[in-house]
Amino acid sequence: MNESSPSKSPPKSENKLFTLKKWNAVAMWAWDVECDTCAICRVHLMEACLRCQSDSKAEDCVVVWGECNHSFHNCCMSLWVKQNNRCPLCQQDWTVQRIGQ
Amino acid sequence: MSYKHSDSSKIKQYIPKRMDDEEAEQKWKSLKKAINAVHARIHVTMSFEEYYCSAYAMVTGKQGEMLYRGFCEVISEHLIHQIRPLFENAINENFLETLDTVWTKFNTETIMIRDLLMYVDRSFVDFHRPPVKKLYDVALDLFREIIVDYPTINDQLKAFMLNCIAQERQYAHISWIHLKSACQMLHTLSSTTNSGNKRYYYEQVFEGPFLRETQEYYQTSSQKFLEENSTSVYVKKVRECFKDEESRSDRYLDDETMRKVFKILREELIRKNMQILVNNGLVDMINNEKYMELRDLYELLKEVENGLNLLADSLGEFLRHQISYLNEENTEACSSEQLTIEKQLFKPIAFIQSILDVKDQFDTIISRAFNNDTSFRHRIRTEFEKFLNGNKRSPEFLSLYIDEKLRKGFKEVRESEVDLLLDKIVNLFRHLQEKDVFERYYKIHLSKRLIFNKTSNMDYEKSVISKLRDECGAIFTMKLEGMFKDMGTSADLMEEYKNTPQFSSSNVEFSVQVLTAVNWPYHATTSINIPLNVLNAFETFKDYYLGKHSGRKLDLLVNQGYAELNAYFYGSNKREEEAPSQLESQPYTNSSVNSNSSLIPTRKYQLIVNTYTMVVLLCFNEREKLSFKQLLDETKIPEKELVRVLQSLSMGKTSMRVLCRQGKNKEIESADEFWLNDGFSSKLKKVRIQMISNRNCLEKEPTTREKVEEDRRHEVEAAIVRIMKARKILSHSELIVESTNQLKARFNPDPILIKRRIENLIERDYLKRDDQDQKLYHYIT
């Protein structure tokens, strides 16, 4: 089966056949979250919460992480903590770990 | 005399004595003489006042009866002996003229006589029980009974009147002034009949027969018109008929008669023939763009009940025929043999273009010929909607159409008209029921345009988006707009990144487009093995990016992007000698090319390839020959994609193959081996390796459909939750109705789908059923 193979010709390793000149890559970003839905408004975290959608402030609707590593829309959470300063998912006291940007 | 003295004396009531009969005879004789004198138009010896006094005396002397009866007798005799014979001599032409003269004369005379006997009307008639008619009215009655109702006269009268009109309808000149007075006479004579209808006599003697004849006349002439003329000429003729009849009525008939004649005209000329008219004329007029004639037809049919409905129906029918013909054209093209890629592309674009053209045509017709009639517009819209939504692929086709136009930059349209065309396109979009399907396709097509920078004019892109936003609201276009924004931020980001030390350290010209997940129709890809030195370029950028934005993760989309490779082909002189015979039996090896390869010197090309292909080709730097299995293991590229890459590289035009393949079958198998084609040649230095498109377009279709179905499930759930959150408790049917209303701007949700989603939400504890009433839902907070 291999009679026709070109294996006998010496590899031209000294001269590479292909060299990369230019690369236009495409990448996609998303929030680095465990659960991709906001447990408060039940909207996907990559999308603005309904309130921001209707106020067309979708740009500013970012995600917040607590020390417990749970994440929510920042605006949903800031309304939530006014009533109850605990994480809605694990009931631990809520402390902000970081805010997305 | 003064009244002072009369207070003592009683006022005697004057009771007139009955005039004795002889005196009365005398007085009547002289009055009768006077009446005859009036008829004979000769002078009488006594004055008007004396006659008046005689009549007064007779009435007060209780001899009014004699006077009244005498009057009737004299008039009757006059009519019978003097007037009636006049008509026996009146032949043909002058019958109506004679009648006119006689009637005018009789009328004046009767008034003169009535004035002489004025006191009869004032006293005798008023107090007579049972009531009797006034003298003039009695005279009219007598004229009617003795003259006009006299059979020969009556027949002649009718015959002459109708004949005159019949002649006039044949455009003969007639002395209509006599007709006019005949009609007036009949009206006057109607006024004293006992019937409550003040036109009774006129109707009976003239109008009835006239209308019957009119109907017969137009019945026959309409048939003749129809046989001899096209619809447009017929319409003109009918207009003329209306005008003729109107002028006739103006001159000598009354308005009431005109109304009745018009009713007959509408019935005979229009309503009875409208189906034929429309059937024979409409299509022809439309095809020849005879807007004025269409307008006339429209105005004509407006006159009759259901006329416009009929026209609208036929227009709808014609439209349906026009567009179903489009569909046939397309399906025919579809079924006939295998379609080339161009044809497949051509089909949806031609499909949408034809719909736009037909729509233009019908819009023009309605605005120019049919008075912008809303019911017509509505009809046309319904037909288009039915047609457009009858084809499951319309949303895709429409998006493809826009894609094509935006890529080519609306070259075939003048710049000033682009906006108009865009409006038309969006108008078509408005008719789509499955707007969500359209959105999905639009996203796919838009993302390709953006990433490959295929858009010819960004303003047009933005214009489409803003029109869609106006149509469906900001939420509909939010993600599409997000895509444009991503492009902008990516460009800014790259500018910034190029000035960093990290960037300049890399030896590859690297750029990246960063997309926001969710906005784009792409999903994170499974990672593949990219040569480290290449991957490094991306990893460096990734560090830079994540340092700038906290809380994010960044994934390379390996199924997107492209690379430029410098490729060297050295030429070979060994292979063809080693394996001549086997190659012939293997159709996909490149024996024919290799036979000459010893003559070909080393050449350098630039290959433009996608990311997968880049990775595959870079493998051949390390090893000369690789099997499919090896490539799969080494690159970790998904099998389907790898097959496509290898097909594109090794199965195109013989001289354009970058790789040689050795395999047993037509399809690529895992044992197949690949090596570089040293005989590669191309006229161009830059060679773009086109990916073989997925063989079966139909195979692609259901996946998009499936995704749409999935999206719909989410959208339905979201709608249900929104509604229930606001309403707390709702019955099943109300919930179905409200959800349908919320969703129908995007698609027409199937009630079964909604029901399933409700059940699913109940399972997931968003909702619960009422304990008593199974048809009631509660929202669980």
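When I say that a charge sits over a ring, I mean that NZ of Lys or CZ of Arg is within 6 Å of the ring centre and within 35 degrees of the ring normal. With that in mind, and remembering throughout that this is a predicted model, let me start with Lys359(B), whose charged end sits over the ring of Phe384(B) at 5.7 Å from the ring's centre. Arg251(B) gives us another case, its charged end sitting over the ring of Trp176(B), 5.5 Å from the centre of that ring.

From charges over rings I move to rings paired with rings, of which there are 35 aromatic pairs when all chains are counted. Let me take one of them, Phe351(B) with Phe397(B), where the ring centres are 5.5 Å apart and the planes stand at 75 degrees; because planes over 60 degrees apart count as edge-to-face, this pair is edge-to-face. The two partners come from distant parts of the chain, 46 residues apart, with Phe351(B) in helix 15 (residues 341-368) of chain B and Phe397(B) in helix 17 (residues 394-408) of chain B. Are these two rings buried or exposed? Phe351(B) has a relative accessible area of 1% and is therefore buried, the limit being under 20%, and Phe397(B), at 3%, is buried as well.

Ring pairs also build a cluster that takes in both chains, linking Trp23(A) with Tyr497(B), Phe510(B), Phe541(B), Tyr544(B) and Tyr545(B).

Two members of that cluster, Trp23(A) and Phe541(B), come up again in the largest nonpolar core, which holds 239 residues; they are among those that touch the most other members, together with Phe18(A), Leu117(B), Phe370(B) and Leu607(B). What is Leu607(B) in contact with, once its neighbours within four places in sequence are left aside? Its contacts include Phe18(A) from the other chain and, within chain B, Ala563(B), Leu617(B), Val658(B), Phe680(B) and Ile689(B), as well as the charged residue Glu564(B). Apart from the largest core lies another, of 20 residues, including Ile736(B), Leu753(B), Ile754(B) and Tyr777(B).

Finally, a few words on chain A, which supplies Phe18(A) and Trp23(A) to the largest core. Chain A has 2 helices and 4 strands, arranged along the sequence as β-α-β-β-α-β. Of its 101 residues, 42% are buried, and among its contacts with a separation of 6 or more, 51% are between residues 24 or more positions apart. The area that chain A exposes is about 5600 Å², with carbon and sulfur atoms supplying 46% of it.

Terms used: Residues are numbered from 1 along each chain as its sequence is written. Chains are lettered from A and ligands numbered from 1 in the order in which they are written. This is a predicted model: local features need pLDDT of at least 70, side-chain atom pairs count only at pLDDT 80 or more; totals for chains, interfaces and linings use all residues. Side-chain values use heavy atoms; hydrogens and water are left out. Buried means under 20% relative accessible area, exposed over 50%, partly exposed in between (1.4 Å probe, protein chains only). Contact means heavy atoms within 4.5 Å. Accessible areas come from the Shrake-Rupley method with a 1.4 Å probe; for residues, only the protein chains shown count as cover. Rings of Phe, Tyr and Trp (its six-membered ring) pair if their centres lie within 6.5 Å; planes under 30 degrees apart count as stacked, over 60 as edge-to-face and the rest as tilted. A nonpolar core is a set of buried Ala, Val, Leu, Ile, Met, Phe, Trp, Tyr and Cys residues joined through side-chain atoms within 4.5 Å.
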